[in-house]
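Colleague: I'm new to this one, could you walk me through it?
Modeller: Gladly, let's put it up on the screen and begin with a term we will need.

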Amino acid sequence: MNNGHVVQLENVSKNYRRGSETVHAVSDATLAVARGEYVSVVGHSGSGKTTLMNIMGCLDRPTEGRVTINGHEIQNEGEAGLTRLRQTSIGFVFQQFFLIPTLNVLENVSLPSLFAKRKLNGRARELLEMVGLENRLHHLPGQLSGGEMQRVAIARSLINSPPIILADEPTGNLDSRNADMIMSLFQQLNKDGATIVVVTHNPGIVKGCDRMVHIEDGRIQ
Amino acid sequence: MSFLKVALSNLRRNPVRSMLTGLSLAVSAATLSVVLSLDSGYSSAVTEDLVNKTGVHLYITKEGCPIEAASVIAQGGLSPLYVEEDIVSRFEAMPELAAVMPFKLFAVTTDDGTRTDIFMGVTEAVSEVKPDWQYASGGWFTSPESVILGAEMARIENLNIGERMYVEHFDAEFVVSGILQRNYGQDDGTFFLPLATAQSLVGREGKLSAVALKLKDISHMDTVQNQIRASMPADYFVIGSKELSDGILQFFSSTRAIMFVMVGVAFLISVFGIINTMLMAVLERRREIAYLKCVGAGKYDLLRLISLETTAIAVAGSAVGALLGMVLSPLSGNLLRKFLVAYIPSGAIARPDFGIALTAFAVCTLVGIACSLYPAFRAAKIVPMEVLRNE
């Protein structure tokens with residue numbers, strides 16, 4: 001399938017067990033994200049946003065339905081195949097940044113390339129310049145502000161040049177000034193051609209997106 | 001950026017914990033190194049003393065536990081068993097023998113118990129049997145009251161040729177006729193007397209501690225041993241010097257077993273310590289490991305990362321421990337000397353060497369790496385979605 005959509009979900013459901021109860025986290029969801037699109041996914045806590053994002057991020061397989069990421073149907077992929085897709089096709093940005101505290105900024109950004117076995121040739125520096133952290137290359141995460149840490153995380157998500165960026169509440173831990181900065185950065189990345197899917201409660205982010213997807217009780221509205 | 005750099009940086013998160021884990025392996029490596037040094041050192045020292053330096057191939061001794069008798073003789077005690085001197089003539093005609101040395105060996109401890117002197121009554125055959133029998137000064141006995149001093153005894157007593165030595169225990173005086181060159185063996189600490197003098201001092205005229213035999217050709221040892229055994233009365237023993245040293249080493253075997261149990265305990269503590277530490281390190285970083293999986297770390301990447309962390313600790317701890325063991329081995333040898341109930345050899349009891357250090361290092365490093373496997377598998381099995389959802 002290559003109809004201009006880098007993410008395509010068709011009748012996707014995801015159920016999992018919690019004790020004796022079966023949770024229907026996502027039910028019959030159909031969604032297509034075009035290349036270069038900037039999509040926000042909104043919904044209440046427990047509505048299935050994160051599960052949807054995990055499926056799009058090749059971290060989980062659907063119980064039912066078909067998921068195609070950058071031309072690969074993930075239900076047919078083994079563990080190694082999903083790992084490879086995460087290395088090459090997806091960049092993750094999380095609310096908690098997940099920077100390695102003992103590696104400096106430059107090393108943190110370079111880390112995903114280690115697993116993808118890619119040569120960087122200065123790309124980490126370029127990305128850090130792009131997010132305005134060229135003066136912080138050798139700082140440790142503990143020496144950065146929350147906004148700076150999230151910018152490092154964004155630079156890290158781009159290091160393997162993935163066609164898709166998935167962000168889960170990227171401004172959730174930031175004050176409004178830093179949140180604005182991150183929103184501008186996402187918009188800039190999107191203008192430069194990145195496909196971005198962002199799970200958020202932040203109306204500012206939603207306003208800047210091409211499209212909003214609302215999910216409630218596991219169903220896309 | 002490399003896996004090793006990431007692994008080493010992870011160890012810096014909790015340097016005290018990393019150091020303590022390394023130290024537990026260092027203790028194991030040091031213990032192993034010391035025990036191996038003692039084990040090989042004691043065996044070598046006993047063999048050197050009783051096989052190489054004595055030049056004796058066979059001992060004729062009396063019935064009883066031959067090992068116990070050998071140990072008593074070797075330690076210089078006055079054995080309750082004795083050999084009749086007239087038996088010596090049986091061997092003098094044997095063409096296979098290079099030398100026949102009857103001797104009387106006994107030890108005298110001072111009344112306050114602070115010093116034990118070893119006396120050996122010998123005949124001139126001693127110079128044919130002992131390969132290191134060389135005089136630093138003087139020579140053979142000039143009278144029944146002569147004494148030849150081992151190098152260390154001459155130093156301690158500060159005596160020279162012609163000077164007199166009084167032995168309070170026997171209320172007897174001896175004249176120094178010779179001083180031996182140092183041979184770093186039992187002889188250094190021995191007073192040599194004419195055989196008849198020694199026998200009369202302890203009231204055992206015509207009686208010997210044993211007869212030492214030196215063979216012309218050691219390849220005929222078994223044949224000669226069997227031949228002598230067949231010709232001797234049933235209550236006599238013919239003991240090879242190798243049997244003698246092996247027997248003494250058997251006395252040491254219980255000490256040896258305790259030492260290896262200590263090593264085992266040290267290893268067990270280390271193993272549980274390392275597994276616990278690395279497991280803690282993995283569990284504390286579940287979210288981070290989950291994130292590493294999100295950004296493309298595969299199972300083998302995580303196995304490699306966690307194993308490298310443990311390997312770094314194992315290499316550092318084992319290296320420190322192996323070196324520490326080399327330093328501590330001589331000290332532990334001296335300590336063991338005080339507690340040995342079996343034969344105490346004259347040479348160094350602990351003999352550390354590069355091979356032992358390398359063995360201790362390799363064994364402990366491998367144990368450390370093996371300990372990383374379970375925590376590494378736990379890390380590799382982390383399901384990122386579950387961790388990110390539940391924590």
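Modeller: Contact here means that heavy atoms lie within 4.5 Å. Please keep in mind that this is a predicted model.

Colleague: OK, so among contacts in chain A between residues at least 6 apart in sequence, what share joins residues at least 24 apart?
Modeller: For chain A that share is 70%, counted among contacts between residues at least 6 apart in sequence.

Colleague: And how many helices and strands does chain A have?
Modeller: Chain A has 7 helices and 10 strands, and of its 221 residues, 57% count as buried. Its accessible surface comes to about 9,300 Å², with 44% of that belonging to carbon and sulfur atoms.

Colleague: Switching to chain B, which residues gather in the patch of negative charge on the surface?
Modeller: That patch brings together D111(B), D112(B), E168(B) and D171(B).

Colleague: Where is D171(B) found?
Modeller: D171(B) sits in the loop of chain B that runs between β7 (164-167) and β8 (172-180).

Colleague: Why does D171(B) count as exposed?
Modeller: Because its relative accessibility is 58%, and exposed means over 50%.

Colleague: What about helix α11 of chain B, is it mostly covered or mostly open?
Modeller: Helix α11 of chain B, which spans residues 286-294, is mostly covered, with 7 of its 9 residues buried. The buried ones in α11(B) include I289(B), Y291(B), L292(B) and C294(B).

Colleague: Which residue just after α11(B) takes a positive phi?
Modeller: That is G296(B), whose phi is about 110 degrees.

Technical notes: Residues numbered from 1 in each chain as written. Chains lettered and ligands numbered in written order. Predicted model: local features only at pLDDT ≥ 70, side-chain atom pairs only at ≥ 80, totals over all residues. Heavy atoms only, no water. Patch = residues over 30% accessible without salt bridge, like charges linked within 9 Å, V, L, I, M, F, W, Y side chains within 5 Å. Areas by Shrake-Rupley, 256 points an atom, 1.4 Å probe, with all protein chains shown as cover. Salt bridge = Lys/Arg side-chain N within 4 Å of Asp/Glu carboxyl O. Lys, Arg positive; Asp, Glu negative; His and termini not counted. Charge placed at Lys NZ, Arg CZ, Asp CG, Glu CD. Helix = DSSP H or I, 4+ residues; strand = E, 2+ residues; numbered from the N terminus. Buried < 20%, exposed > 50% of the residue type's maximum accessible area, 1.4 Å probe, protein only.
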